[in-house]
Amino acid sequence: FANAGGILHAIQLWVNLPKVHKMDAPHYQGLVAGHMGRVELPDNGGYVRVIAGEYQGAIGQAKTYTPMNMFDIHLQPGGHAGFSFPAHENTMILVMSGTVTINGTTQAVAADFVLFDNAGENITINAQSAAHLMLLNGAPINELVVQYGPFVMPTAQGIRKAIDDFNSGAFGEMED
């Protein structure tokens with residue numbers, strides 16, 4: 001890619017942490033496609049890469065603070081995939097490219113964000129064209145969330161401290 005150029009798609013996800021881990025040192029996880037769990041879908045319909053969690057026995061390599069699933073779904077035209085999650089969990093799908101029908105009724109296209117109802121989700125996805133989707137699922141943390149600018153904390157006092165820490169240089173500095 002560096003030599004030939006082309007289109008690069010990236011997705012950056014910010015995941016809320018439980019209050020007990022809010023002030024843990026930041027870290028980065030480099031994940032390599034070859035080390036991720038991968039499930040081939042029936043009839044050459046595509047595949048699901050398991051980044052975090054588990055799908056049909058394939059395990060994701062990403063370490064998370066709370067149980068969650070993160071699936072990178074690639075469907076061929078006519079391909080399909082199915083998922084099932086408990087009612088109390090949050091589930092969303094971001095359509096990165098292509099056109100799909102979800103649960104036989106909802107058509108979604110590139111850049112659509114589909115949020116499910118916490119009703120116990122049996123989800124079917126059928127592709128009308130080649131499609132790329134990101135599915136995230138997990139149990140809610142059920143803690144207060146206060147957000148200001150890039151800061152997310154469980155209290156307004158925590159937000160003020162984060163801003164003070166940032167302004168005082170406690171977050172570190174970028175080297176030239």
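In the predicted model, Asn-118 is placed in the loop that connects β10 (113-115) with β11. With a relative accessibility of 32%, Asn-118 counts as partly exposed. Although 32 residues separate Asn-118 from Pro-86 along the chain, their C-alpha atoms are 7.8 Å apart. Beyond its neighbours up to four places away in sequence, Asn-118 touches Ala-87, His-88, Glu-89 and Asn-90. Two polar contacts involve the side chain of Asn-118: a polar atom of this side chain lies 2.9 Å from the backbone oxygen of Glu-89, and a contact of 2.9 Å joins the side chain to that of Asn-90.

Thr-91 belongs to strand β7. Its relative accessible area is 2%, so Thr-91 is classed as buried. The side chain of Thr-91 is joined to that of Asn-137 by a polar contact of 2.8 Å. When neighbours within four places in sequence are set aside, the contacts of Thr-91 comprise Phe-85, Val-114, Leu-115, Phe-116, Ile-123, Leu-135, Leu-136 and Asn-137.

Asp-72, a residue of strand β5, is likewise considered here with its surroundings. Asp-72 has a relative accessible area of 4% and therefore counts as buried. Its side chain forms a polar contact of 3.0 Å with the side chain of His-74 and another, of 2.4 Å, with the side chain of His-132. His-132 is also among the residues in contact with Asp-72 outside a window of four places in sequence; the others are Tyr-47, Val-48, Arg-49, Ile-51, Leu-133 and Met-134.

Asn-44 lies 28 residues from Asp-72 along the chain, and 16 Å separates the two C-alpha atoms. Asn-44 is found in the loop between β1 (37-40) and β2, and its relative accessibility of 71% places Asn-44 in the exposed class. Most residues other than glycine have a negative phi. Asn-44, which is not a glycine, has a positive phi of about 55°. A positive phi, near 60°, also occurs at Asn-142, again a residue other than glycine. Asn-142 is located in the loop between β12 and β13 (146-148), where, at 71% relative accessibility, Asn-142 counts as exposed.

The secondary structure of the protein consists of 1 helix and 14 strands. Helix α1 covers residues 156-167 and includes Asn-167. Asn-167 has a relative accessibility of 59% and is therefore exposed. Between Asn-167 and Gln-76, which are 91 residues apart in sequence, the C-alpha to C-alpha distance is 49 Å. The C-alpha trace of the protein spans about 55 × 50 × 30 Å along its principal axes. The protein has 176 residues, of which 35% count as buried. Among contacts with a separation of 6 or more, 58% are between residues 24 or more positions apart.

In soluble globular proteins, nonpolar side chains tend to be buried together. The largest nonpolar core of this structure contains 25 residues, and the members touching the most others are Leu-75, Phe-83, Ile-93 and Val-100. At least two residues of this core come from each of β2 (46-52), β5 (68-75), β6 (80-85), β7 (90-97), β8 (99-102), β11 (121-127) and β12 (131-138). A second core, separate from this one, has 9 residues, including Ala-52, Ala-62, Met-92 and Leu-136. Within the largest core, Val-100 is one of the residues that touch the most other members. With residues up to four places away in sequence left out, Val-100 touches Leu-75, Val-95, Thr-106, Gln-107, Ala-108, Ile-125, Asn-126, Ala-127, Gln-128, Ala-131 and Leu-133.

The structure contains 1 cavity of 30 Å³ or more. The volume of the largest cavity is about 40 Å³. Its lining is made up of Asn-16, Leu-17, Lys-22, Ile-141, Glu-143, Leu-144, Val-145, Val-152, Met-153 and Pro-154. By class, this lining comprises 7 nonpolar, 1 polar and 2 charged residues.

Key. Residues are numbered from 1 along each chain as its sequence is written. This is a predicted model: local features need pLDDT of at least 70, side-chain atom pairs count only at pLDDT 80 or more; totals for chains, interfaces and linings use all residues. Side-chain values use heavy atoms; hydrogens and water are left out. Helices (H or I, at least four residues) and strands (E, at least two) are DSSP runs, numbered from the N terminus. Buried means under 20% relative accessible area, exposed over 50%, partly exposed in between (1.4 Å probe, protein chains only). On a 1 Å grid over the protein atoms alone, a cavity is a set of points where a 1.4 Å probe fits but cannot get out, and a pocket is an open set with protein on both sides within 12 Å along at least five of seven lines; lining residues have an atom within 4 Å of a point. Grid points are joined across faces, edges and corners, and a volume is the space filled by probe spheres set on the points. Ala, Val, Leu, Ile, Met, Phe, Trp, Tyr, Cys and Pro count as nonpolar, Asp, Glu, Lys and Arg as charged, and the others, Gly among them, as polar. A nonpolar core is a set of buried Ala, Val, Leu, Ile, Met, Phe, Trp, Tyr and Cys residues joined through side-chain atoms within 4.5 Å. Contact means heavy atoms within 4.5 Å. A polar contact is a pair of N or O atoms within 3.5 Å; within protein, one must be able to donate a hydrogen and the other to accept it, and residues adjacent in sequence count only if both atoms are side-chain atoms.
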